[in-house]
Amino acid sequence: MTITEIKTKLREILENVLDEDILATDFMADSTNLRAWDSLSLVNIFVQTEKAFKIKLPLGKLATLNTMADLLAVIQENQSA
Amino acid sequence: MRELEYPLNGADILLRKKILRRELQKRAIVAEKKIALLSGSTVGEIKDVLEIFLWNYGIRPIFLEGTYANFYEDVMFDAKKLQKFNPDFIYIHTTCRNLTDASKLEQVWAKLAEICSAMIIQNNFELPPDGFSSIDKLRSLNRLNQKIYLYAGEHDNFVVNDLNYLAAQYGLLQWHNPAQWYAYKYALALEAVPLLCFNLAKLIKASLGLNKKVLVLDLDNTLWGGILGDDGVAGLEIGAETPRGAAFLDFQKYLKGQQAQGILLAICSKNNYQDVVQAFADPRMFLRLDDFVAVEANWDNKDKNILKIAEKLNLLPDSFVFVDDNPAERELVRHNVAGVSVVDTSDVLDFIDYIENNGFFLPLKVTEADLNRQEYYQQNNQRRVAEEGSVNYADFLKSLQMTYAIEPVAKENFARVLQLINKTNQFNLTTKRLSAAELQNLLADKYLTICCGLKDKFGDNGIIAVFSAERRAETLDIGLWLMSCRVFRRNVEQEIFKYVLDWCRKKQIKKIHGHYIPTPKNKMTADFYATIGFVKIAERDGGSDWEYILAKG
């Protein structure tokens, strides 16, 4: 899966879970701070991500996922693994 | 909302939670209820998703969230906060992850019963993920579950949320998600949360009397295999001889069982009436034609026929559940009959599964009136025939030889009165719903709380009306007045009012105050007080206040 395809899928999840009036593309910037979202939404996004990409986010990494770049990286890593 | 009916797609509900929430916010609200969530683990997501399911039933929840994993401490040491919130429901979300000290639960229940009148919803315990490793653990879990059920049997205000069943149904391997437990302290997989919340919402709506009342059934390929008009009675497939015939037979048996619990059965089928009469005379049928309180077998559209059934039974179609193997008929009914629930499957193998898992008729406690309901409606059919044969309505009423039994609410009639209060929609002046404890309070001396039974030559209708008013010096203030739709236009309300007037005279009451609070369903009572001589003294929010001055002497 290319980075564009990953971003498209991830954006869909964010649009649904966050359902906010912000341009979804704004969410996709590498610097987006994941921790700015409420914790319920963030957990939901992690769980939906695991399901959509058929991966497991490693337990040890959860606490270090702070930005969109971190999340994209972990998805890519686990996909190729 | 279809997304919130069985079979659920848990992941999809979580994904689109906020969108569903936004759509449901437009719905009409039937009741507002305060719910305290006490937890042994994380409940944030449970709160959000439960809210969606409750809104779908027209219930607007106000939540109080206990502190994380502190259900015991919240109740035992911080009861004031709970007391102040004064919840209608308390949900105790414990799971096998909290299975440490069983005596704690019993202390919590006792304390809750002491400090508030809320209905307690207690999870039983699901099988643990590491079950095989410890026989002792499984044994104590089973013992504790037994204890929970025993307690529920002995206490009116206590119901069990069968987590054990839900987890098994979902699949234990999926239900337990160690990663989510360690990372977020979710005691069950996030994707199973909608299933859990659906069940909680069903328990809550059932306790508020919002269950469905009628199963409206198609015939061909719904109650039997084959097409009556084409195959003839002999060609219908029903009975133990064929696999498919056995499935239809079991469905009929299931329906008979539902009927015995007080659920009404009706037929809505495109067939010739005479053919249908013949089909039910076939000894292979488990159900008889007189098991149905209404039979619409003709060639009119089904939406029209369902409205006709509603009119006949004096019920609103939103208390109906429609079963039909034909998706086009289901779609028509769903679109054209507001509020009706549709069983969304064409396969006889799935009918029972869908009806049960949607909890349309979820029983919490079955009263005697439930068990006799079918009979009442059959008698009503006889009454209707008598009415049609009478010259005028007054003669008809006279010919019924009615006797009214007005009596104080007491232990013997308590359960039925409580049920009437919580499920009566149409003839209901204030639509106040009460818990058992709240009703108990209305039996104090300063209240006049009575109910009315009605018998006639066709049979005993049981208790069909409730009235409660508070005495304040020389004024009587009516807080509750409601009557079952079975006995509209039978002068019950006049008889009750006569009784109330007599009582007032004895107690030197000079004024009676009444109130009408509008709901989407009780418009028929908007001017009721005017018809018995009250004068309107105020209007607000679509409702009104009324006054009756008693004559001197």
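In this predicted model, the sulfur of B:C268 sits 20 Å from the closest cysteine sulfur, the one in B:C485, so that pair is too far apart for a bond. B:C268 is also tucked away from solvent: with 0% relative accessibility, the residue counts as buried. B:C451 tells a similar story, as it takes part in no disulfide, and its nearest cysteine sulfur, that of B:C452, is 7.8 Å away. A disulfide here calls for two cysteine sulfur atoms within 2.5 Å, so the 7.8 Å between the sulfurs of B:C451 and B:C452 does not make one. B:C451 is buried as well, with a relative accessible area of 2%. Taken over all chains, the disulfide count comes to 0.

Next come the enclosed spaces. Rolling a probe the size of a water molecule over the atoms shows where empty space is left. The count comes to 2 cavities of 30 Å³ or more. The largest cavity has a volume of about 70 Å³, and the second largest holds about 40 Å³ of space.

The largest cavity is lined by residues of chain B, namely B:L38, B:L64, B:E65, B:G66, B:D74, B:D78, B:K81 and B:L82. Two elements of chain B, strand β2 (59-65) and helix α5 (79-85), each supply at least two residues of this lining. In terms of chemistry, the wall of the largest cavity is made up of 4 charged, 3 nonpolar and 1 polar residues.

The second largest cavity has a lining drawn from both chain A and chain B. Chain A brings A:E50, A:L57, A:L59 and A:L62, while chain B brings B:A179, B:Q180, B:A183 and B:Y184. Helix α10 (residues 178-184) of chain B gives the largest share of this lining, with 4 residues. The makeup of the second largest cavity's wall is 6 nonpolar residues, 1 polar and 1 charged.

On the scale of whole domains, chain B splits into domain 1 (2-207), domain 2 (214-357) and domain 3 (400-549). The C-alpha centres of domain 1 and domain 3 of chain B are 36 Å apart. These two domains do touch: 4 residues of domain 1 of chain B are in contact with 6 residues of domain 3 of chain B.

A few spots in the backbone of chain B are also worth a look. The peptide bond that runs from B:Y6 to B:P7 is cis, and its omega is near -5°. B:P7 itself is found in the segment before α1 (10-15) of chain B.

Two residues that are not glycines have a positive phi. One of them, B:A473, has a phi of about 55° and lies in the loop that links β14 (459-472) with β15 (475-483) of chain B. B:A473 counts as exposed, at 68% relative accessibility. The other, B:D541, has a positive phi of about 50°, again without being a glycine. B:D541 is placed in the loop between β17 (535-540) and β18 (543-549) of chain B. With 75% relative accessibility, B:D541 also counts as exposed.

Terms used. Residues are numbered from 1 along each chain as its sequence is written. Chains are lettered from A and ligands numbered from 1 in the order in which they are written. This is a predicted model: local features need pLDDT of at least 70, side-chain atom pairs count only at pLDDT 80 or more; totals for chains, interfaces and linings use all residues. Side-chain values use heavy atoms; hydrogens and water are left out. On a 1 Å grid over the protein atoms alone, a cavity is a set of points where a 1.4 Å probe fits but cannot get out, and a pocket is an open set with protein on both sides within 12 Å along at least five of seven lines; lining residues have an atom within 4 Å of a point. Grid points are joined across faces, edges and corners, and a volume is the space filled by probe spheres set on the points. Ala, Val, Leu, Ile, Met, Phe, Trp, Tyr, Cys and Pro count as nonpolar, Asp, Glu, Lys and Arg as charged, and the others, Gly among them, as polar. Buried means under 20% relative accessible area, exposed over 50%, partly exposed in between (1.4 Å probe, protein chains only). Domain bounds come from an automatic or database domain assignment. Contact means heavy atoms within 4.5 Å.
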